[in-house]
Amino acid sequence: MWSSDRQPLANTPATARISATSNNRFGAVLSSVYSFWTARAAAIANSQANRRDSYSVILFNHALESPVINDFVSTPDQLLDILLPFDADGGTDFTSAIGQAQAIMEQSWSTERSPVIIFLSDGECHIADNTMQDLCRTAVRLGKAVSFHSVSFGPDASSVYLRRMAEIALDAQNNAPRDPLAPAAATVLSSYTQALDTVQLAETFLGIAESLRKPRGALLH
């Protein structure tokens, strides 16, 4: 994520702040996440509803950082400010990241929210099927199947495991008991996406944000 071949989105309210600390792939991710949060905030404001979304952020390389956990109140700018001090280095450990996501999901669980995980990486890393299956089984056991979106910010040839993670989550969704309190149209199916550049990455995040505007519970991310 430290490579500067891709950079933050240009000409946005957050471009200068992000570029000052992360003018690289990680900065491109920050700008896309910021766009996601902004889109969600606008959708909630337009519906005149109170925010029920809960946000968590896990940064992972060879180690884990969880600077945002179960946040209900921070604005998109406040959330961005929390992430700006971090940078990208080291290796990639999908297994630890999914384990941390599962732990936070369990700790933050609420029957009023639907679990959505956006998992992004620009590199390849092995992860066993049973690690993803355990995450998915846990969500179903708690009451709602997880909507899992893996996003590759690198070459498609290096995204075998990201594809597989989405396949496992989609299979679990399709076989989970239907939530009687949620309309069928509200289900956001798990997906895999490859983003070749910063614009496509932002479009991916905005597409997920748009899909979440369907009638549904709030978001646990």
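Q: How do I check whether a helix has a regular length, and how far does α6 reach from its first C-alpha to its last?

A: Compare the end-to-end reach with the expected span, which is 1.5 Å times one less than the number of residues. Helix α6 runs over residues 160–175, so counting by that rule, its 16 residues should cover 22 Å, and the reach of 23 Å is close to that. Helices (H or I, at least four residues) and strands (E, at least two) are DSSP runs, numbered from the N terminus. One caution: this is a predicted model, where local features need pLDDT of at least 70 and side-chain atom pairs pLDDT 80 or more, while totals for chains, interfaces and linings use all residues. Residues are numbered from 1 along each chain as its sequence is written, and side-chain values use heavy atoms, with hydrogens and water left out.

Q: Which residues of α6 are buried?

A: Buried means under 20% relative accessible area, exposed over 50%, and partly exposed in between (1.4 Å probe, protein chains only). In α6 the buried ones are L162, M165, A166, I168, A169 and Q173. They sit on the same side of α6 because they cover an arc of only 160 degrees around the axis; the arc is taken from the directions from the helix axis to the C-beta atoms. On the other side of α6, N174 and N175 are exposed.

Q: And what do the buried residues of α6 pack against?

A: Contact here means heavy atoms within 4.5 Å. The partners of that buried face are the helices α4 (94–107) and α5 (129–142), plus the strands β3 (113–121), β4 (147–152) and β5 (191–194).

Q: Let's try the same reading on α4. What should its 14 residues span?

A: They should span 20 Å at 1.5 Å a residue, and the end C-alpha atoms are 20 Å apart, which agrees. F94, A97, I98, A101, Q102, I104 and M105 are buried in α4. Those residues cover an arc of only 165 degrees around the axis, which puts them on the same side of α4.

Q: Which residue caps the N-terminal end of α4?

A: D93 does, with a side-chain oxygen 3.2 Å from the backbone nitrogen of T95.

Q: Is Q102 buried or exposed?

A: Q102 counts as buried, at 11% relative accessibility. Beyond residues up to four places away in sequence, Q102 touches T131, D134, L135 and T138.

Q: How do I read a nonpolar core, and how many residues has the largest one?

A: Think of a network: buried Ala, Val, Leu, Ile, Met, Phe, Trp, Tyr and Cys residues joined through side-chain atoms within 4.5 Å. The largest such core has 31 residues, and F36, W37 and L201 have the most contacts inside it. Two or more residues come from each of α2 (25–47), β1 (55–60), α3 (76–83), β3 and α7 (198–211). The largest share, 8 residues, is from α2. A second, separate core of 23 residues includes I98, M105, A139 and A166.

Q: How about a residue that links distant parts of the chain: what is Y192 in contact with?

A: Y192 is in strand β5. Leaving aside neighbours within four places in sequence, Y192 is in contact with S150, S152, D156, S159, L162, R163 and A166. Y192 and V151 are 41 residues apart in sequence, yet 5.8 Å apart in space, C-alpha to C-alpha.

Q: Which side chain shares a polar contact with Y192?

A: That of S159, at 3.5 Å. A polar contact is a pair of N or O atoms within 3.5 Å; within protein, one must be able to donate a hydrogen and the other to accept it, and residues adjacent in sequence count only if both atoms are side-chain atoms. The side chains of S54 and N70 make another, at 2.5 Å. S54 is in the loop between α2 and β1 and counts as buried, at 0% relative accessibility.

Q: What does phi tell me about N70?

A: Most residues other than glycine have a negative phi. N70 has a positive phi of about 50 degrees although it is not a glycine. N70 is in strand β2 (residues 64–71) and is partly exposed, with a relative accessible area of 27%. Phi is also positive, near 60 degrees, in N11, which lies in the segment before α1 (15–21) and is exposed at 80% relative accessibility.

Q: How many disulfides are there?

A: The count is 0, where a disulfide is a pair of cysteine sulfur atoms within 2.5 Å. The sulfur of C125 is 17 Å from the closest cysteine sulfur, in C136, so it is too far for a bond. C125 counts as buried at 12% relative accessibility, and C136 is buried with a relative accessible area of 3%.
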